[in-house]
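Me: Could you take a close look at a single part of this model for me? I'd like one helix taken apart properly.

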Amino acid sequence: MFDLQVINATIVTSENTYRGSISIQGGVIAAISEIPLGNAKQTIDANGLQLVPGMVDQHVHFMDPAETEREDFIHGSSAAAIGGVTTVIEHTHAAPVRSVKAYNDKINHVCGRSVVDFGLTAHVFPEDLGNLKALWDSGVVLFKIFTCTTHGIPTLNNDELFRAFKEIASFDGRCLVHCEDDAITEGNEQRLKHNQRCDHGIISEWRSETAEDIAVANVALMARLTGVTATIAHISHSFVIDLIKREQAEGAKLYAEVCPQYLFLNDKDVIEKGPFAKFTPPARGTDQSNKLLDLINDGSIQLLSTDHAPSTSEQKTTGTIWDCNFGLPGVETTLPMMLNLVNEGKITLQRVVQLFSEMPAKVLGLYPKKGCIVVGADADLVLLDLSRKWTIKNEDIISKAGWSPYHGTECTGKPVVTIVRGNIVVENGSVTGNPGVGAPVKRVLKTR
Ligand SMILES: [Zn+2]
């Protein structure tokens, strides 16, 4: 007798779409069959629904522990589950993981507080390069590196960056690099403040495309020279991909990450919404969304993640545009917003599965436990109703942010059931899973 079966589903993987039934035993996929095998304690009839592997969001900030008035793991992971995300890779800048002890403490803290599976990212500080191998061996999934002093995390200068990359390459670790040149953003800030600028236009001028381009070019070159595998975080415009491709052609092992705010917001929104569209690098010109979508569809961009970094409305509107936190909530709205693009014919559901589930799992060594529907994989599954019409509303947002930059957006398509290792955590669009269902992820494949 199986624990759970999902029958009559339209199963959508990164490669195929077919009709079938999934039988789940002990939290893993035990069988995939054309017709139901029968004999399960619980059955979900998925007739008319699409079944996809759960999304793997490699870039979220749940602020827990540290700034739990902004977000915490209970709210953040519940928001993830509602949004069809079954695994999150989390880091909190205000309480960075820098040592094995901090890593273990945080794992213990989060166990019992997450509705979905989770992995942790460690921050790389210039003085901690000797800790990186031990952190990786302890189970850290990613290293976060900054080329600018942002969110309280120090920049790595070129010497430190080069040594960090060499060290991470030595054990074939993975890193996510925030690319904005520190000297350029600093210079821009000083000049804007000297001119007493305090309007919303400062965001784009301060965090300029040039600052991003220079940092990406530098990081991409260093990735090639050191042999590290690196992901360029939150690419805001298409020229960044040209810079990445230049070094990929020479052998650099680089991946490109995009986030929904670059697909659904632009520089006009930044001016209009101010603090509610303040994130960095910022959204660029109106033509960039389509260009980035083309780069997703031709494979130049391999990863989608949310960079979920919430603040409450009150926090966003306290102080000047310079003072308020960067970042947007996004973990619960990203898949629905992508389903709108699917329904508009701008991307296939299979490509969404590749970008937001299979590829992050592969890059991080979690595949084939995560990111796919195969026998033996964790039963992390999401049922989608692609014809469901609904509207994103601030009052429905589960994240502690309590608002969404996409408030008022009419959606076609919604995740309706979310399953984490065989546990139903979302049913009929409401969270039913307890915090504590989520467990720490383990790398399955040695990256080397
Ligand atoms: Zn981030």
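Reply: Here is a walk along helix H4, from its start to its end. This is a predicted model, where local features need pLDDT of at least 70, side-chain atom pairs count only at pLDDT 80 or more, and totals for chains, interfaces and linings use all residues. Residues are numbered from 1 along each chain as its sequence is written, and side-chain values use heavy atoms, with hydrogens and water left out.

H4 covers residues 158-170; helices here are DSSP runs of H or I with at least four residues, strands are E runs of at least two, and both are numbered from the N terminus. Its 13 residues should span 18 Å at 1.5 Å a residue, and the end C-alpha atoms are indeed 18 Å apart (the expected span is 1.5 Å times one less than the number of residues).

At the N-terminal end, asparagine 157 acts as the cap, with a side-chain oxygen 3.0 Å from the backbone nitrogen of aspartate 159 (polar contacts are pairs of N or O atoms within 3.5 Å; within protein, one must be able to donate a hydrogen and the other to accept it, and residues adjacent in sequence count only if both atoms are side-chain atoms).

Now the packing: Glu160, Leu161, Ala164, Phe165, Ile168 and Ala169 of H4 are buried, meaning under 20% relative accessible area with a 1.4 Å probe, protein chains only. An α-helix has 3.6 residues a turn, so residues three or four places apart point the same way. Down the axis of H4, the buried residues fall within an arc of 160 degrees, so they line one face (the arc is taken from the directions from the helix axis to the C-beta atoms). Their cover includes helix H3 (132-138), strand E9 (142-146), strand E10 (174-178) and helix H7 (209-226), with contact meaning heavy atoms within 4.5 Å.

After H4 comes aspartate 172, which has a positive phi, near 55 degrees.

How values were computed:
Buried < 20%, exposed > 50% of the residue type's maximum accessible area, 1.4 Å probe, protein only.
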